Amino acid sequence: MTLLRMAASYRHSADLIRLRIVALKDEAKTAPHQERAKLEQRVRELNVLYRETKSTARMLEHYYDRRYHADDRRAI
């Protein structure tokens, strides 16, 4: 598998995570208080996963571009 194909796979996963976040937010609007708190916590956790997945996709897309350093923690 090439890095670009891996990046596309990560982007697809990020899209699925984003859809789940939207669904949980909609569900939280009508949920009772305790359930809403759990759903909001899950949304926060998924937001972190979403950002990391998109960041990994971006890094894979630019792996061989020496000038690309959008995230110093993942600098190549």
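**Two helices and what holds them against each other**

Ile 21 is a handy place to start: leaving aside residues up to four places away in sequence, Ile 21 touches Val 43, Leu 46, Asn 47 and Tyr 50. The model is a predicted one, and its secondary structure is quickly listed, with two helices and zero strands in the chain. Helix H1 covers residues 3–30 and helix H2 covers residues 33–61.

How far apart are the ends of H1? The end C-alpha atoms of H1 are 42 Å apart. With 28 residues at 1.5 Å a residue, a span of 40 Å should result, so the two values agree. On H1, the buried residues are Ala 7, Ala 14, Ile 17, Ile 21, Leu 24 and Ala 28. Several of these names will come back below. Which element do the buried residues of H1 pack against? Their packing partner is H2.

Now for the nonpolar core. The largest one has 10 residues in all: Ala 14, Ile 17, Ile 21, Leu 24, Ala 28, Ala 31, Leu 39, Val 43, Leu 46 and Tyr 50. Both H1 and H2 give two or more residues to this core, and the largest share, five residues, comes from H1. Nonpolar side chains tend to be buried together in soluble globular proteins. Ile 21, the starting point here, is one of the core residues, and its contacts include Val 43, Leu 46 and Tyr 50, which are also listed in the core.

Thr 53 gives another view of the packing. This residue lies in helix H2. Is Thr 53 buried or exposed? Thr 53 counts as buried because its relative accessibility is 9%, and the cut-off for buried is under 20%. Not counting residues up to four places away in sequence, Thr 53 touches Tyr 10, Ser 13, Ala 14 and Ile 17. Two of these partners, Ala 14 and Ile 17, appear among the buried residues of H1 and in the largest nonpolar core.

Charged side chains come next. Side chains of opposite charge can pair when their charged atoms come close. How many salt bridges does the structure hold? There are three. One of them joins the side chains of Arg 11 and Glu 61, with 2.9 Å from N to O. Arg 11 lies in helix H1 and Glu 61 in helix H2, so this pair ties together parts that are 50 residues apart in sequence. Arg 11 counts as partly exposed, at 27% relative accessibility, and Glu 61 is also partly exposed, at 31%.

Another salt bridge links Asp 26 and Lys 29, whose closest N and O atoms are 3.7 Å apart. Asp 26 and Lys 29 sit three residues apart in helix H1, so about one helical turn separates them. Asp 26 is partly exposed at 43% relative accessibility, whereas Lys 29 counts as exposed at 64%. Asp 26 also offers a simple distance to check on the model: its C-alpha atom is 9.8 Å from that of Leu 39, a residue 13 places further along or back in the chain.

A salt bridge is also found between Glu 45 and Arg 42, and here the closest N and O atoms are 3.5 Å apart. Both residues belong to helix H2 and are three residues apart, about one turn of the helix. An α-helix has 3.6 residues a turn, so residues three or four places apart point the same way. Glu 45 has a relative accessible area of 40% and is partly exposed; Arg 42 is partly exposed too, with 41%.

What about aromatic rings? A search of the whole structure turns up one aromatic pair. The pair is made by Tyr 63 and Tyr 64, arranged edge-to-face, with 5.0 Å centre to centre and 85° between the planes. Tyr 63 is partly exposed at 35% relative accessibility, while Tyr 64 is exposed, with a relative accessible area of 71%.

Finally, some totals for the chain. Of its 76 residues, 24% are buried. The accessible surface comes to about 6000 Å², and 52% of that belongs to carbon and sulfur atoms. Looking at contacts between residues at least 6 apart in sequence, 57% join residues at least 24 apart.

Key
Residues are numbered from 1 along each chain as its sequence is written. This is a predicted model: local features need pLDDT of at least 70, side-chain atom pairs count only at pLDDT 80 or more; totals for chains, interfaces and linings use all residues. Side-chain values use heavy atoms; hydrogens and water are left out. A salt bridge is a side-chain nitrogen of Lys or Arg within 4 Å of a carboxyl oxygen of Asp or Glu. Helices (H or I, at least four residues) and strands (E, at least two) are DSSP runs, numbered from the N terminus. Buried means under 20% relative accessible area, exposed over 50%, partly exposed in between (1.4 Å probe, protein chains only). A nonpolar core is a set of buried Ala, Val, Leu, Ile, Met, Phe, Trp, Tyr and Cys residues joined through side-chain atoms within 4.5 Å. Contact means heavy atoms within 4.5 Å. The expected span of a helix is 1.5 Å times one less than its number of residues. Accessible areas come from the Shrake-Rupley method with a 1.4 Å probe; for residues, only the protein chains shown count as cover. Rings of Phe, Tyr and Trp (its six-membered ring) pair if their centres lie within 6.5 Å; planes under 30 degrees apart count as stacked, over 60 as edge-to-face and the rest as tilted.
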